[in-house]
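Please open the structure in your viewer and keep the selection tool at hand. The tour below proposes what to select at each stop and describes what is found there.

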Amino acid sequence: MQNAPSLDMQAELYRKMQVVRLLEEAIGRLHKEGRTRGPIHRCDGQEAVGIGATAALEREDIVTSTHRGHAHYVGKGVDTGRLMAEIMGRATGTCRGRGGHMLVADREVGLLGGCGIVGGALPVAVGQALAFQVRRQPNVVLAFYGDGAAQIGACHEALNAAALWKLPLVFLCEHNLYGLTVHARAQSSVADLASRAVGYGIPGEIVDGNDVLAVHAATARAAQRARRGEGPTLIEAKTYRLLGFSTSDVGGYQPPEEVAAWRPRDPIPNMAAHLVAELGAERVAALDADAAAEVEHAVAFALESPLPGIGELDAGEYVKGAA
Amino acid sequence: MAELRYAEALHAALLGEMRRDPSVVVFGEDVGVYGGVFKVTRDMQAEFGPERVRDTPISEQVIAGMAVGASMMGLKPVAEIMYIDFLPLCLDQLLNQASVLPFVWGDQVTLPFVLRTQGGAGAGAGAQHSKSLEAMVAHIPGIKVVMPATPADAKGLLAAAIRDPNPVVFIEHKFLYNTRGPVPDGEHLVEIGKAAIARPGGDVTIVASSRMVLESLKAAEALATEGISAEVVDIRTLRPLDAATIVESVRRTHRCVVVNEGWRFGGYGAELAATIGEFAFGWLDAPVARLGALDMPVPYSQPLELATIPDAARIAAAARDAVRAGHG
């Protein structure tokens with residue numbers, strides 16, 4: 001494969017996917033124990049998209065995320081302890097507990113950021129990319145969105161503007177077959193959302209969203225193109241949401257045979273098998289243990305962190321001083 | 001001090017800020033080659049180039065979203081939404097992004113952008129190009145809302161808005177662009193969040209914004225011939241509101257009329273009346289009179305259109321009633 005990552009980097013991609021999966025499972029347990037608040041959108045089964053795509057970026061590149069962003073956050077390098085603390089509403093969270101799991105941002109690592117409005121971050125991503133272009137910064141914006149967001153008007157406006165001005169922006173459509181509970185065939189006039197790229201005069205590429213190396217390669221190509229000033233690319237990563245829309249989803253709309261058909265395509269065991277062949281079972285077991293320890297530490301850090309004091313609310317509604 | 005039209009004063013502020021600060025960029029519909037439908041950005045693309053003065057597609061969500069995204073990455077966008085009637089198309093970006101992100105992201109970003117727009121009835125532009133939606137925007141925390149009534153304030157408030165680290169919605173009025181007035185030369189800044197006494201008086205306070213300030217001044221002129229001394233307060237900034245200046249005036253005059261061009265029900269006048277009720281109730285000799293547009297779409301035909309919005313005669317009548325009630 002062209003530009004294939006080294007085996008060490010592949011091991012790290014695997015480890016990060018495993019961190020995300022274990023984090024999601026921990027959130028599921030905490031939710032059942034009543035220790036999390038509000039609906040939480042887990043990305044079980046989709047880890048390869050977020051981890052593979054963000055690994056193709058530089059630290060100074062920007063990621064805009066979605067309501068289902070845990071793999072994007074971990075991939076871009078957010079500290080898992082501070083991430084978990086944010087999800088638990090703690091003062092030590094990346095946003096001091098003000099955002100919650102849908103609105104995680106971490107400027108230090110280029111995550112700006114999570115967005116709970118479907119498609120709402122796409123116009124923002126256009127502005128971020130515009131700033132890179134106008135300021136002659138050699139950076140790109142990677143905008144994640146889903147097949148649900150692909151049906152919102154803001155998505156069309158953003159794709160057209162970014163293509164028109166050749167902005168350094170990568171549109172990554174994470175096609176998991178469902179917008180909330182409704183199957184994509186009941187939401188979209190086309191099955192392949194990458195085909196819409198033609199209408200904007202930009203490259204569109206379909207990639208196996210459950211293959212972390214394929215996602216990484218496609219994103220690296222798109223980011224290089226964007227850095228060369230040739231404009232945006234639309235990548236459609238075909239994947240599947242193994243669980244419900246959120247922790248409050250009662251299910252009943254994902255046919256069991258559909259879930260069963262996707263289960264063998266789970267990106268994590270498949271990558272594990274590949275790495276066992278390349279690096280041996282012992283190395284993979286060590287990666288698993290490392291991921292488990294990281295998540296255990298993150299959960300413990302969050303649980304022992306303080307809740308914010310209500311003095312947080314006294315700062316007033318405006319930023320003071322000059323812009 | 002030059003005599004300038006309101007549109008020229010806005011142009012002067014924008015030109016001054018763009019020359020002063022290379023991070024200021026202008027974008028919106030028709031702002032580039034054409035210079036804006038109200039000519040506020042006239043000749044700017046020729047001076048600063050199409051990258052800094054950019055014509056956009058008719059994509060209001062992207063215009064507002066670009067202001068959010070570009071401002072968090074170091075630019076100071078001055079975006080234009082041609083009519084305030086189009087602002088609802090980008091309301092998600094104001095309500096769910098601009099208002100939200102600086103706070104919920106834990107102070108990691110500031111959004112120093114200005115969103116210029118204009119509203120107001122009376123030009124025969126019909127129901128979708130004549131509204132006054134300032135109350136809708138002034139409802140949103142974290143965003144400042146400015147409405148200059150005079151050319152001098154148009155210049156000073158726009159320059160201040162561009163230098164402000166917060167999102168500012170800057171609402172102009174289509175009937176004010178051709179009004180003239182003295183405007184300070186060179187750098188001129190008017191502090192956001194400060195009302196002005198447009199005309200001092202002692203019998204009744206008329207609190208107004210934008211073009212209604214001009215109508216209120218006409219009303220005050222007419223009232224003076226009847227021996228009624230009306231004070232006109234131009235609030236200039238709707239959010240954050242300078243309640244102190246209004247309350248101080250009402251405590252002196254004991255009567256108050258609030259007037260806005262937007263719909264009366266749930267409108268900005270309700271916020272003013274409530275503020276006066278909270279802080280000047282014991283000083284009032286009459287109920288606060290509240291004037292606003294009729295709660296209906298703006299009709300096209302001229303007599304119908306003019307009948308839906310407050311004017312000098314109606315403001316004077318309300319002030320007269322307040323003064324009489326105060327004597328009763």
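**Stop 1: Two cis peptide bonds**

Begin by selecting Gly113(A), which is placed in the loop between helix H4 (80-87) and H5 of chain A. The model is a predicted one. Display the backbone at this point: Leu112(A) and Gly113(A) are joined by a cis peptide bond, with omega of about -20°. Most peptide bonds are trans, and most residues other than glycine have a negative phi.

Move next to Pro240(B), in the loop between strand E12 (237-239) and helix H9 (243-253) of chain B. The peptide bond leading from Arg239(B) to Pro240(B) is also cis, and its omega is near 0°.

**Stop 2: Two residues with positive phi**

Select Asp43(B), in the loop between E2 and helix H2 (44-52) of chain B. Although Asp43(B) is not a glycine, its phi is positive, about 65°. Is Asp43(B) buried or exposed? Asp43(B) is exposed, because 12 other C-beta atoms lie within 10 Å, and a residue counts as exposed at 12 or fewer.

Now select Asp107(B), in the loop between H5 and E5 of chain B. Asp107(B) is not a glycine either, and has a positive phi of about 65°. With 14 other C-beta atoms within 10 Å, Asp107(B) is partly exposed.

**Stop 3: A covered strand and a covered helix**

Select strand E4 (residues 76-81) of chain B, which is mostly covered, with 6 of its 6 residues buried. In a regular strand the side chains alternate between the two faces of the sheet. Show the side chains of E4(B): Lys76(B), Val78(B) and Glu80(B) point one way, while Pro77(B), Ala79(B) and Ile81(B) point the other way.

Which strands pair with E4(B)? Strand E2 (residues 24-28) of chain B pairs with E4(B) in the parallel sense over 5 bridges, and Gly28(B) stands opposite Glu80(B). Strand E5 (residues 114-119) of chain B also runs parallel to E4(B), joined by 4 bridges; there, Val114(B) is the bridge partner of Val78(B).

For a covered helix, turn to helix H2 (residues 47-54) of chain A, where 8 of the 8 residues are buried. Among them are Glu47(A), Val49(A), Ile51(A) and Thr54(A).

**Stop 4: An open sheet in chain B**

Colour the strands of the open sheet in the order E9-E11-E10-E13-E14 of chain B; these 5 strands have mixed pairing. Strand E9 (196-199) and strand E14 (289-293) of chain B are the edge strands, each pairing on one side only. From one strand to the next, the twist averages 25°.

At one edge, E9(B) and strand E11 (residues 230-234) of chain B pair in the antiparallel sense over 3 bridges. Select Arg199(B) to find its bridge partner in E11(B), Val232(B). Then add helix H10 (residues 268-280) of chain B, which packs on the sheet and touches strand E10 (204-208), strand E13 (256-263) and E14 of chain B. The direction of H10(B) makes about 155° with that of E13(B).

**Stop 5: Two domains of chain B**

Colour domain 1 (2-183) and domain 2 (196-327) of chain B separately. Their C-alpha centres lie 26 Å apart. The contact takes 26 residues from domain 1 of chain B and 26 residues from domain 2 of chain B. On the domain 1 side, the elements that give two or more residues include helix H7 (151-163) and strand E7 (168-173) of chain B. By class, this side has 15 nonpolar, 7 polar and 4 charged residues.

**Stop 6: Where the chains touch**

Show both chains: their contact takes 37 residues from chain B and 35 residues from chain A. What gives the largest share of the side of chain B that touches chain A? H3(B) does, with 10 residues.

**Stop 7: The largest nonpolar core**

Finish with the largest nonpolar core, of 206 residues. Val126(A), Ala143(A), Leu169(A), Val170(A), Ile206(B), Val257(B) and Ala319(B) touch the most other members. Helix H5 (residues 121-134) of chain A gives the most to this core, with 10 residues. Why does the core lie between the two domains of chain B? Domain 1 and domain 2 of chain B both give residues to the core, so the core lies between them.

How values were computed:
Residues numbered from 1 in each chain as written. Chains lettered and ligands numbered in written order. Predicted model: local features only at pLDDT ≥ 70, side-chain atom pairs only at ≥ 80, totals over all residues. Core = buried A, V, L, I, M, F, W, Y, C linked by C-beta atoms within 7 Å. Buried ≥ 20, exposed ≤ 12 C-beta atoms within 10 Å, placed from the backbone. Domains from an automatic or database assignment. Contact = placed C-beta atoms within 7 Å. Nonpolar A, V, L, I, M, F, W, Y, C, P; charged D, E, K, R; others polar. Pairing = 2+ DSSP bridges. Axes fitted to C-alpha atoms, helices over the stretch in contact; angles between N-to-C directions.
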